[in-house]
Structures are given as C-alpha cells and as structure tokens.
Amino acid sequence: MKKLTIIMFSILFGNMALAQKYSSKTGKVTFEASVPLFEDVFAQDNNNTVILNSDTGEIASVSAVKNFHFKVKLMEEHFNESYAETAKYPKTTFKGKIQGFDKTKLSANPQKYTIQGTLNFHGVDKAVSSIATISMKDGKIYMEGGFVARPADFRVTIPKMVMKKVAENVNVEYNYTLVKQ
C-alpha cells in the first residue's frame with residue numbers, strides 16, 4: 001500500500017516538479033476608475049505575486065487587497081472598508097492560461113498573447129480576457145497588459161453620493177518581471 005501511494009504521488013506530481021516555473025513577488029498591478037473633472041481614482045499594488053508555468057502557459061496571481069495604495073488616504077480607507085471590504089475579502093486572485101504560449105518562441109521583441117482566466121475579487125469569480133505583451137531577455141520573462149472590469153460585476157456597490165465620481169469601467173493594468181525558479 002505504501003509503495004502504491006508513493007507511485008501515485010510520483011505520477012500525479014512528477015510533472016509539476018519538472019515544469020519550468022517563473023515567478024515574481026514584486027509584480028505591479030494598478031487600477032483606475034477616474035472620471036473627468038473629479039479627483040483621480042487610482043491605486044497601485046507593487047507586491048503582486050505571480051507564477052507562470054512556461055511549459056503549459058498556465059498563470060496565476062494573488063494580491064492582498066490592502067496592498068493597493070491611493071494618493072489620498074481617505075479614499076484608500078473608503079476603498080478598504082466600504083467597497084472592497086478587505087476584512088471579509090482580503091485577497092484577489094487570477095488563474096488562467098496564456099493562449100498559444102510557447103516559451104521557445106520568446107525573444108527580446110515583444111509579442112502579443114491573449115490571456116484567459118478567472119478573476120476573483122470581492123468573493124466573486126468572473127471570466128476575464130486580457131491582451132498581454134510578452135518578451136524574454138537575459139533569462140527573464142517580461143509581461144504587461146490590461147483589461148477592463150466593472151465593479152457591478154463583482155457586487156461592489158458604489159454609493160449614490162459618489163457614483164458620478166467613479167467610472168463604471170475600471171482599467172486594470174499589470175506589469176511583471178518573472179525570473180526562473
């Protein structure tokens with residue numbers, strides 16, 4: 001029985017151990033929901049963790065929602081307490097796959113790829129698609145891209161008092177430098 005367990009473990013997790021993994025703990029993710037003539041609604045997280053399986057193109061990232069910092073501290077406080085409810089939903093995650101990804105074709109010349117996956121924010125899973133520019137130089141993979149998210153899709157309620165000051169569509173951008181593990 002013990003041998004069978006070891007064999008099954010080896011079969012199930014052997015491929016994962018051989019996979020080429022690239023990661024970063026200092027990925028930059030920003031979001032902007034500004035509306036003309038009102039104060040900028042912009043936040044940035046410089047501690048996004050991302051991991052890429054370069055054999056399969058599978059990618060995942062996680063951010064502590066409290067790591068998103070605003071220029072205006074009161075705006076950050078309202079975001080954490082009222083909108084994102086970080087005490088209840090402390091993390092945001094993404095799991096997906098880079099379509100048609102082939103690490104052997106990466107070069108210093110950026111190439112465009114589509115990333116499809118699931119974003120979890122505020123306890124809600126939502127399918128997202130992003131166009132990313134990916135390149136490789138000096139053994140590192142560089143990736144940047146963005147997508148649009150709607151607060152309503154993640155059950156985030158914007159109070160009527162500030163509704164006109166926050167855009168309906170939030171522009172999310174990411175920038176990663178991944179190193180081989």
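What follows is a short tutorial dialogue on reading the features of a predicted model.

Me: Let's begin with the overall layout. How many helices and strands are there, and in what order do they run along the protein chain?

Reply: The protein chain has two helices and nine strands. Starting at the N terminus, the order is α-β-β-β-β-α-β-β-β-β-β. Keep in mind that this is a predicted model.

Me: What share of the protein chain is buried, and what share of its contacts links residues 24 or more positions apart?

Reply: Of the 181 residues, 38% are buried. Among contacts with a separation of 6 or more, 59% join residues 24 or more positions apart.

Me: Now a helix. Which residues of α2 are buried, and why do they line one face?

Reply: The general idea comes from the helix repeat. An α-helix has 3.6 residues a turn, so residues three or four places apart point the same way. In α2, the buried residues are Met-75, Glu-76, Phe-79, Asn-80 and Tyr-83. Viewed down the axis of α2, these buried residues lie within an arc of 130 degrees, so they line one face of the helix.

Me: What covers that buried side, and which exposed residues sit on the face turned away from it?

Reply: The cover over the buried residues of α2 includes β1 (21–32), β4 (69–70) and β6. On the face turned away, you will find the exposed residues Lys-73 and Glu-81. Look just past the helix as well: Glu-85 follows α2 and has a positive phi, near 50 degrees.

Me: How should I read a positive phi?

Reply: Start from the usual case. Most residues other than glycine have a negative phi. Two hairpins here give you cases to look at. β6 and β7 form a hairpin with two residues between the strands, and His-122 in the turn has a positive phi of about 60 degrees. The hairpin of β7 and β8 also has two residues between its strands, and there Asp-138 has a positive phi near 55 degrees.

Me: Are these two turn residues buried or exposed?

Reply: His-122, in the loop between β6 and β7, counts as buried because its relative accessibility is 6%, and the cut-off for buried is under 20%. Asp-138, in the loop between β7 and β8, is exposed, with a relative accessible area of 70%.

Me: Let's follow the strands themselves. In which sense do they pair, and over how many bridges?

Reply: Walk along them in order. Strand β6 (residues 111–121) pairs with strand β7 (residues 124–137) in the antiparallel sense, over eleven bridges. β7 then pairs with strand β8 (residues 140–149), again antiparallel, over seven bridges. β8 and β9 run antiparallel and are joined by nine bridges.

Me: Which residues can I use to trace the register from strand to strand?

Reply: Begin at Tyr-113, whose bridge partner in β7 is Ala-132. Ala-132 in turn has Gly-145 as its bridge partner in β8. Beside that pair, Ile-131 stands opposite Gly-146 in β8. To reach the next strand, use Ala-149, which stands opposite Val-170 in β9.

Me: Along β8, which side chains point to the buried face, and which to the other?

Reply: The side chains of β8 alternate. Ile-141, Met-143, Gly-145, Phe-147 and Ala-149 point to one face and are buried. Lys-140, Tyr-142, Glu-144, Gly-146 and Val-148 point to the other face and are not buried.

Me: Where is Val-156, and what is it in contact with?

Reply: Val-156 is in the loop between β8 and β9 (170–180). Val-156 is buried, with a relative accessible area of 11%. Beyond its neighbours within four places in sequence, Val-156 contacts Tyr-83, Phe-121, His-122 and Pro-151. Tyr-83 is 73 residues away along the chain, yet the C-alpha atoms of Val-156 and Tyr-83 are separated by 5.8 Å.

Me: Last, the largest pocket. What is its volume, and which residues are closest to its centre?

Reply: The largest pocket has a volume of about 1100 Å³. Among its 49 lining residues, the closest to the centre are Phe-31, Val-41, Phe-70, Phe-79 and Val-170. By class, the lining has 36 nonpolar, ten polar and three charged residues. Helix α2 (residues 73–83) gives the largest share of the lining, six residues.

Definitions and conventions: Residues are numbered from 1 along each chain as its sequence is written. This is a predicted model: local features need pLDDT of at least 70, side-chain atom pairs count only at pLDDT 80 or more; totals for chains, interfaces and linings use all residues. Side-chain values use heavy atoms; hydrogens and water are left out. On a 1 Å grid over the protein atoms alone, a cavity is a set of points where a 1.4 Å probe fits but cannot get out, and a pocket is an open set with protein on both sides within 12 Å along at least five of seven lines; lining residues have an atom within 4 Å of a point. Grid points are joined across faces, edges and corners, and a volume is the space filled by probe spheres set on the points. Helices (H or I, at least four residues) and strands (E, at least two) are DSSP runs, numbered from the N terminus. Ala, Val, Leu, Ile, Met, Phe, Trp, Tyr, Cys and Pro count as nonpolar, Asp, Glu, Lys and Arg as charged, and the others, Gly among them, as polar. Two strands pair if DSSP finds at least two bridges between them. Buried means under 20% relative accessible area, exposed over 50%, partly exposed in between (1.4 Å probe, protein chains only). Contact means heavy atoms within 4.5 Å. The arc is that of the directions from the helix axis to the C-beta atoms.
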